[in-house]
Amino acid sequence: MKKEILAALGQIIPQERMFLDLAERYCYSYDASFGEYLPEIVIQPKNAKEISELVKMANLHKIPVYPRGSGTSLSGGPLPVKGGMVLDLTLLRDKLFIDRENMLAIVSPGVITATIHQKADEAGLFYPPDPSSSNVATIGGNLLENSSGPKGLKYGTTKEYVIGLEVVTPTGEIIRTGGKTVKNVTGYDLTRLIVGSEGTLGIVTEAIIRLIPKPQSQKTFVAHFNHFIDSGHAITSILSSGILPSALELMDNACIRAVENYRPSGLPLQAEAILIIEVDGHPLAIEEEINKCADICKDNGASYVKIAETEEERQTIWSARKWVSPAITQMGPTKISEDATVPRNQIPAMMERLQQIRDKYELNLVVFGHAGDGNLHPNIITDKRNKAEMKKVELAVSEIFEAAIELGGTLSGEHGIGTLKSPYMEMELGANGVIMMKKIKEAWDPNNILNPGKIFAEKGQTKVVLLT
Ligand SMILES: Cc1cc2nc3c(=O)[nH]c(=O)nc-3n(C[C@H](O)[C@H](O)[C@H](O)COP(=O)(O)OP(=O)(O)OC[C@H]3O[C@@H](n4cnc5c(N)ncnc54)[C@H](O)[C@@H]3O)c2cc1C
């Protein structure tokens with residue numbers, strides 16, 4: 001980085017919050033996805049004013065700026081693919097105010113999501129979006145990826161809860177969108193535009209999020225299936241029965257084996273799939289609902305059904321699901337996580353396509369996820385040093401995307417487009433849909449300095465490339 005630029009940065013940020021050493025920059029060269037890219041400099045701003053000045057300077061000198069929360073993105077969101085500066089936003093965590101009267105929380109972007117859950121709970125309120133990474137990920141990352149988790153089935157995703165933002169634009173202005181009111185139709189809905197924009201349209205420096213009353217009670221059960229596809233039919237039967245579970249999670253046999261290998265939890269090694277289903281609401285209503293869901297599973301071939309009678313039993317059921325991510329990383333050094341999502345009635349068809357892809361390429365393809373909302377998580381466990389296998393992985397990933405789109409679904413339910421899925425945007429949105437999105441990006445960020453190399457494919461990039 002040029003000396004005069006470093007000197008100008010030094011006027012905005014003290015030296016102890018700027019990092020140029022290789023070892024320090026290396027820590028910001030990766031996320032939880034695939035690929036490594038070194039930034040030229042890492043900066044830790046503390047407030048919107050500092051960010052505004054940094055972005056104005058970057059815009060003037062056309063330096064790429066990469067906003068970053070905890071770096072748990074599974075789509076390459078914070079990766080500095082074109083070098084430049086990484087803005088580590090985790091020091092923006094001073095504000096977490098629960099406004100009980102208005103049922104809102106006002107938060108800084110670096111606050112860890114689980115802290116919001118905890119503070120809302122202490123106030124008798126509930127913030128539903130619950131990505132599995134919520135103990136580590138920041139609310140800023142959640143907002144920009146529009147994250148969700150098991151509770152998305154009943155309560156929706158992050159975007160349903162964000163009603164106001166403070167944003168530093170790519171040209172350095174500080175703007176406010178939305179506000180504290182649940183209803184707001186003043187002008188274009190810039191809040192919704194920013195949420196899920198993967199850090200390409202602005203840097204969020206504060207958010208107002210909606211909280212809801214805490215459900216009175218919840219009940220959970222687990223069902224084992226000897227045939228994977230039967231679990232898919234059970235999911236669609238439950239969802240068309242008039243019951244809306246608060247969570248409906250799937251683990252396939254490879255996940256079951258991985259968890260048993262990692263943290264033995266008494267899971268059935270012979271089962272092809274496990275469903276974990278939770279309902280919440282009035283105690284009398286959920287008693288009836290949980291029994292009905294259990295009956296539907298039995299009717300669809302479940303070999304075993306167990307309703308948790310105590311909180312301890314409930315936690316045991318959930319802990320097996322929570323071990324899946326760490327457990328499958330033990331199966332190989334490289335994990336390619338996808339989150340193609342299909343309409344609910346296509347869940348069994350997508351399950352079949354995934355099995356066919358796994359068998360065709362003979363890959364270690366495991367499936368788990370928030371199956372109730374069609375958001376399956378096919379993960380390929382491989383080793384990026386094995387070039388022959390990586391070629392097969394590239395083809396398999398492409399086929400997963402194609403299958404999801406053919407079944408009327410989407411490339412990404414919650415992890416975002418980032419670097420990997422960009423060549424497929426046109427397949428889902430059509431050429432004109434992509435052009436309209438590019439026009440929005442150009443209007444906000446005329447010099448393309450904010451998170452360049454994301455969402456939109458590079459010229460000539462037509463397919464997934466895992467090997468460079
Ligand atoms: C084990 C594991 C489990 C996961 N489970 C889930 C899950 O259940 N559901 C789910 O949706 N995701 C899940 N994820 C993915 C990931 O945790 C989420 O995408 C999360 O929201 C990322 O938050 P982060 O703080 O790590 O953000 P980062 O990864 O650092 O950044 C994510 C994106 O947001 C941008 N960004 C971050 N902060 C700001 C800001 N303040 N302003 C502008 N741009 C910003 C970055 O540029 C990047 O594009 C999981 C990841 C892991 C590793």
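**Entry: Leu22 and its patch**

I began with Leu22, which I found in helix H2, residues 22-26. I kept in mind throughout that this is a predicted model. Is Leu22 buried or exposed? Its relative accessibility is 52%, so it counts as exposed, the cut-off being over 50%. I then looked up which residues join Leu22 in a nonpolar surface patch, and they are Tyr26, Tyr30 and Leu38. I noted about 380 Å² for the patch.

**Entry: around the ligand**

Next I turned to the ligand. Which of the 35 residues around it come nearest? I listed Pro67, Thr72, Ser133, Thr138 and Ser148.

I then went through some polar contacts of the ligand's oxygen atoms. For Thr138 I noted a polar side-chain atom 2.6 Å from a ligand oxygen. With Ser70 the backbone is involved, a polar atom of it lying 2.9 Å from an oxygen of the ligand. Gly71 also uses a polar backbone atom, and there I read 2.8 Å to a ligand oxygen.

How much of the ligand does the protein cover? On its own the ligand has 980 Å² of accessible area, and the protein covers 94% of that.

I also wanted to know which elements build the shell. Those giving two or more residues are strand S3 (65-68), helix H5 (139-145) and strand S10 (203-210). The largest share belongs to H5, with five residues. Sorting the shell residues by character, I wrote down 20 polar, 11 nonpolar and four charged.

**Entry: salt bridges**

A friendly general reminder to myself: side chains of opposite charge can pair when their charged atoms come close. How many salt bridges does the structure hold? I noted 23, and I looked up a few of them.

I took Arg17 and Glu50 to begin with, whose side chains meet in a salt bridge at 2.9 Å, N to O. Arg17 sits in the loop between helix H1 (3-12) and strand S1 (18-19), while Glu50 belongs to helix H3 (residues 48-61), so this pair ties together parts that are 33 residues apart in sequence. I checked burial for both partners. Arg17 has 11% relative accessibility and therefore counts as buried. Glu50 is buried too, at a relative accessible area of 12%.

My next pair was Asp121 and Lys214, with side chains that meet in a salt bridge at 3.1 Å, N to O. What does this pair tie together? Asp121 is part of helix H4 (residues 113-122) and Lys214 of the loop between strand S11 (212-213) and strand S12 (217-225), so the parts brought together are 93 residues apart in sequence. Asp121 counts as partly exposed at 38% relative accessibility. Lys214 counts as partly exposed as well, at 39%.

Then I looked at Asp295 and Lys298, which form a salt bridge at 3.9 Å, N to O. Both residues lie in helix H10 (residues 283-299), three residues apart, or about one turn of the helix. I have Asp295 down as partly exposed, with a relative accessible area of 41%. Lys298 is partly exposed at 49% relative accessibility.

Which residues are linked in a network of salt bridges? I wrote down Lys95, Glu166, Arg176 and Glu206.

**Entry: Ile238**

I found Ile238 in helix H8, residues 228-239. Its relative accessibility is 0%, so it counts as buried. I also looked up its separation from Asn47: the two lie 191 residues apart along the chain, and their C-alpha atoms are separated by 47 Å.

**Entry: positive phi**

To close, I looked at backbone angles. In general, most residues other than glycine have a negative phi. I therefore stopped at Glu198, which is not a glycine and yet has a positive phi of about 55°. Where does Glu198 lie? I placed it in the loop between helix H7 (190-194) and S10. At 8% relative accessibility, Glu198 counts as buried.

I made a matching note for Ile455, which is not a glycine either and has a positive phi of about 65°. Its place is in the segment after helix H15 (425-444). Is Ile455 buried or exposed? With a relative accessible area of 10%, Ile455 is buried.

Technical notes:
Residues numbered from 1 in each chain as written. Predicted model: local features only at pLDDT ≥ 70, side-chain atom pairs only at ≥ 80, totals over all residues. Heavy atoms only, no water. Near = heavy atom within 4 Å. Polar contact = N/O pair within 3.5 Å; in protein donor to acceptor, adjacent residues only side chain to side chain. Areas by Shrake-Rupley, 256 points an atom, 1.4 Å probe, with all protein chains shown as cover. Helix = DSSP H or I, 4+ residues; strand = E, 2+ residues; numbered from the N terminus. Nonpolar A, V, L, I, M, F, W, Y, C, P; charged D, E, K, R; others polar. Patch = residues over 30% accessible without salt bridge, like charges linked within 9 Å, V, L, I, M, F, W, Y side chains within 5 Å. Salt bridge = Lys/Arg side-chain N within 4 Å of Asp/Glu carboxyl O. Buried < 20%, exposed > 50% of the residue type's maximum accessible area, 1.4 Å probe, protein only.
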